[in-house]
Amino acid sequence: MRSATITRKTAETDISVEIGLDGTGVYDNQTGIGFFDHMLDQLARHSLIDMTIRCSGDTHIDDHHSVEDVGIALGQALSQALGDKRGIRRYGACLLPMDDALVRAALDLSGRPYLVWNAEMPTQKIGSFDTELVREFFQAFSTHGGITLHVDALHGINSHHIAEAAFKAVARALREAVETDPRKSDAVPSTKGAL
């Protein structure tokens, strides 16, 4: 099973992340930020990546450090679990509807991090959660996971639906990209021979 465990401790956060790429989407995520836990649960469930995340952070200041640092640690765990990326499909995409929201996610596990984010939220908050942190999470995740990631909200009037559709769309694209390609399970998916 392709798996990884990452721990990250700073003056702002204390984080552990465990993932299994060949799982069934079992999750146990506890960051102290309710909405963020809900989004991480969606990421695990729809990517079929088993995920256990613990984060103790300086949420008395705000949620920013916890959300960003979980993104960093999760990206590092993904990169470690993928190893040399031999046999993976590499690319994934999903067009995901959720009520009023329609979000497109496309990604490449290229080792070349780049985020294109076109997903404006109509409100600044979802409950007590700052909506700008959705982008911050994916910026950290794509940078430290070596992912080229494009996220576009094509429709949406409800911030919760847009954010959740983004996490689910990325999850479904990630599921496709990390899967083993039965036609090329012994090769790195690049003409360079390395990713």
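**A walk along four helices**

Start with α1 and α2, which pass each other in a right-handed crossing. This is a predicted model, so keep that in mind at every stop.

To get the pair on screen, select residues 34-47 for α1 and residues 64-82 for α2. Their axes come within 12 Å and cross at roughly 20 degrees. With that angle, α1 counts as roughly parallel to α2. Now turn on side chains for the residues that touch: F36, L40 and L43 on the α1 side, and S66, V67, V70 and L74 on the α2 side. Sorted by class, this contact has six nonpolar residues, one polar and no charged ones.

Keep α2 on screen and bring in helix α3, residues 132-145. What angle do α2 and α3 make, and how far apart are their axes? The angle is about 30 degrees, and the axes are 7 Å apart. Once again the label is roughly parallel, this time for α2 and α3. The crossing of α2 and α3 is right-handed.

For the contact itself, you have a longish selection to type. From α2, pick H64, V67, E68, V70, G71, I72, L74, G75, Q76, L78 and S79. From α3, add L133, E136, F137, A140, F141, H144 and G145. Colour them by class and you should get nine nonpolar, seven polar and two charged residues.

While those are showing, look at V67, V70 and L74 on α2. These residues are part of the contact with α1, and they also appear in the contact with α3.

Next, hide α1 and α2 and show α4, residues 159-178. The axes of α3 and α4 are 11 Å apart, at an angle of about 20 degrees, and the two helices are therefore roughly parallel to each other. Select V134, F137, F138 and F141 on α3, then A163, A166, F167, V170 and L174 on α4. Which classes of residue turn up here? The contact of α3 with α4 has nine nonpolar residues, no polar ones and no charged ones. F137 and F141 are worth a click: both take part in this contact with α4 and in the one with α2.

Stay on α4 and centre the view on S159, a residue of that helix. Is S159 buried or exposed? Its relative accessibility is 5%, so S159 counts as buried. Show what surrounds S159: leaving out residues up to four places away in sequence, it touches M121, P122, T123, I126 and T131. Draw a distance between the side chains of S159 and T123, and you'll find a polar contact of 2.7 Å. Then try T131, which is 28 residues from S159 along the chain, with a C-alpha separation of 7.6 Å.

Two loop residues finish the tour, and both are about backbone angles. First go to L48, in the loop between α1 and β4 (50-57). Check phi of L48: the value is near 60 degrees, positive in a residue other than glycine. L48 has a relative accessible area of 22%, so it is partly exposed.

Then jump to R90, in the loop between α2 and β5 (91-98). Here phi is near 80 degrees, again a positive value in a residue other than glycine. Switch on the surface around R90 too, since at 8% relative accessibility this arginine counts as buried.

Notes: Residues numbered from 1 in each chain as written. Predicted model: local features only at pLDDT ≥ 70, side-chain atom pairs only at ≥ 80, totals over all residues. Heavy atoms only, no water. Axes fitted to C-alpha atoms, helices over the stretch in contact; angles between N-to-C directions. Parallel < 35°, antiparallel > 145°, perpendicular 65-115°, else oblique. Left-handed = near helix turned anticlockwise from the far one by under 90°. Contact = heavy atoms within 4.5 Å. Nonpolar A, V, L, I, M, F, W, Y, C, P; charged D, E, K, R; others polar. Buried < 20%, exposed > 50% of the residue type's maximum accessible area, 1.4 Å probe, protein only. Polar contact = N/O pair within 3.5 Å; in protein donor to acceptor, adjacent residues only side chain to side chain.
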